[in-house]
Amino acid sequence: MSSSLGLIHVLKRAAILFPWQEVVAFDGRTTYKKLYEDALRLANFLRNEGIGEGDVIAIIDFNTLRYVTLVYAASLVNAVVYPINFKTSSSFIRKTLDIAKPKAVFCSEPFNELAHMLGYE
């Protein structure tokens, strides 16, 4: 598959063609342009943290702008996104994390306790 068809390229194209078009998520609104710029910044952060091609990153969050931005940023560094279903039991989540072996786990504030219980800070 051509890299020009990757997930991040869909956002980049939208940012170029419709920069001021709103993107709506669970927790707010932004524009395609800002979402793309935020994804670029977050991708730089991920690279600086040593996250790159093939690395697994887990996400515990609602469908927020942070979540979407992280998915696009992961696409930029060719990382694999592992979305965690926080509605399942912590023992099941722990088992799947043991299999996925994420290099990093990202969560929003409501899930800090769950992440801590799973052994992630």
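The following paragraphs lead through a predicted model, from its central strand outward to its helices, aromatic rings and loops.

A suitable point of entry is strand S3, which spans residues 56-60. Of its 5 residues, 5 are buried, so the strand is largely enclosed by the rest of the structure. The side chains divide between two directions: Val-56, Ala-58 and Ile-60 point one way, while Ile-57 and Ile-59 point the other, and all are buried.

S3 has pairing partners in two other strands. With strand S4 (residues 80-83) it pairs in the parallel sense over 4 bridges, and within S4 the bridge partner of Val-56 is Val-80. With strand S5 (residues 104-107) S3 again pairs in the parallel sense, over 4 bridges; here Ile-59 has Phe-106 of S5 as its bridge partner. The connection from S3 to S4 involves helix H3 (residues 65-76), and the three elements together make a right-handed β-α-β unit.

The two residues of S3 that share a direction, Ile-57 and Ile-59, both belong to the largest nonpolar core. This core has 12 residues: Ala-43, Leu-46, Ile-51, Ile-57, Ile-59, Tyr-67, Leu-70, Ala-73, Ala-74, Val-77, Ala-79 and Ala-104. Helix H2 (32-48), S3 and H3 are the elements that give two or more residues to the core, and H3 gives the most, with 4 residues. A second, separate core of 11 residues includes Val-56, Tyr-82, Ile-84 and Leu-114. Val-56 is one of the S3 residues that point the other way from Ile-57 and Ile-59.

Two members of the largest core merit a closer look. Not counting residues up to four places away in sequence, Ile-57 touches Ile-51, Leu-70, Ala-74, Val-80, Val-81, Tyr-82, Pro-102, Ala-104 and Phe-106. Ile-51 lies in the loop between H2 and S3, and it is buried, with a relative accessible area of 6%; the cut-off for that class is under 20%. With neighbours within four places in sequence left aside, Ile-51 is in contact with Leu-46, Ile-57, Val-77, Ala-79, Lys-103, Ala-104 and Phe-106.

Helix H1 (residues 7-17) has a buried side of its own. Its buried residues are Ile-8, Leu-11, Ala-14 and Ala-15. They cover an arc of only 125 degrees around the axis, and therefore lie on the same side of H1. These buried residues pack against H2 and H3. The face turned away from the buried side carries the exposed residues Val-10, Arg-13 and Ile-16. As a measure of spacing, the C-alpha atoms of Ala-15 and Ile-51 are separated by 25 Å, the two residues being 36 apart along the chain.

The aromatic rings provide a further set of links. The structure holds 3 aromatic pairs. One of them joins Phe-62 and Phe-86 in an edge-to-face arrangement, at 5.2 Å centre to centre and with 75 degrees between the planes. Phe-62 lies in the loop between S3 and H3 and Phe-86 in the loop between S4 and helix H4 (90-100), so the pair ties together parts that are 24 residues apart in sequence. Both residues are partly exposed: Phe-62 has a relative accessible area of 30%, and Phe-86 stands at 27% relative accessibility.

Phe-86 also forms an aromatic pair with Phe-111, in this case tilted, at 4.6 Å centre to centre and with 40 degrees between the planes. This pair links distant parts of the chain, 25 residues apart, since Phe-111 belongs to the loop between S5 and helix H5 (112-117) and Phe-86 to the loop between S4 and H4. Phe-111 is buried, with a relative accessible area of 8%. Ring pairs thus join Phe-62, Phe-86 and Phe-111 into a cluster.

Finally, two loop residues deserve attention for their backbone angles. Most residues other than glycine have a negative phi. Asn-78, although not a glycine, has a positive phi of about 60 degrees. It is found in the loop between H3 and S4 and counts as partly exposed, at 47% relative accessibility. Lys-101 likewise has a positive phi, near 50 degrees. Lys-101 lies in the loop between H4 and S5 and counts as exposed, at 63% relative accessibility.

Definitions and conventions. Residues are numbered from 1 along each chain as its sequence is written. This is a predicted model: local features need pLDDT of at least 70, side-chain atom pairs count only at pLDDT 80 or more; totals for chains, interfaces and linings use all residues. Side-chain values use heavy atoms; hydrogens and water are left out. Buried means under 20% relative accessible area, exposed over 50%, partly exposed in between (1.4 Å probe, protein chains only). Two strands pair if DSSP finds at least two bridges between them. A crossover is right-handed if, with the strands pointing away from the viewer, the path from the first strand over the helix to the second runs clockwise. A nonpolar core is a set of buried Ala, Val, Leu, Ile, Met, Phe, Trp, Tyr and Cys residues joined through side-chain atoms within 4.5 Å. Contact means heavy atoms within 4.5 Å. Rings of Phe, Tyr and Trp (its six-membered ring) pair if their centres lie within 6.5 Å; planes under 30 degrees apart count as stacked, over 60 as edge-to-face and the rest as tilted. The arc is that of the directions from the helix axis to the C-beta atoms.
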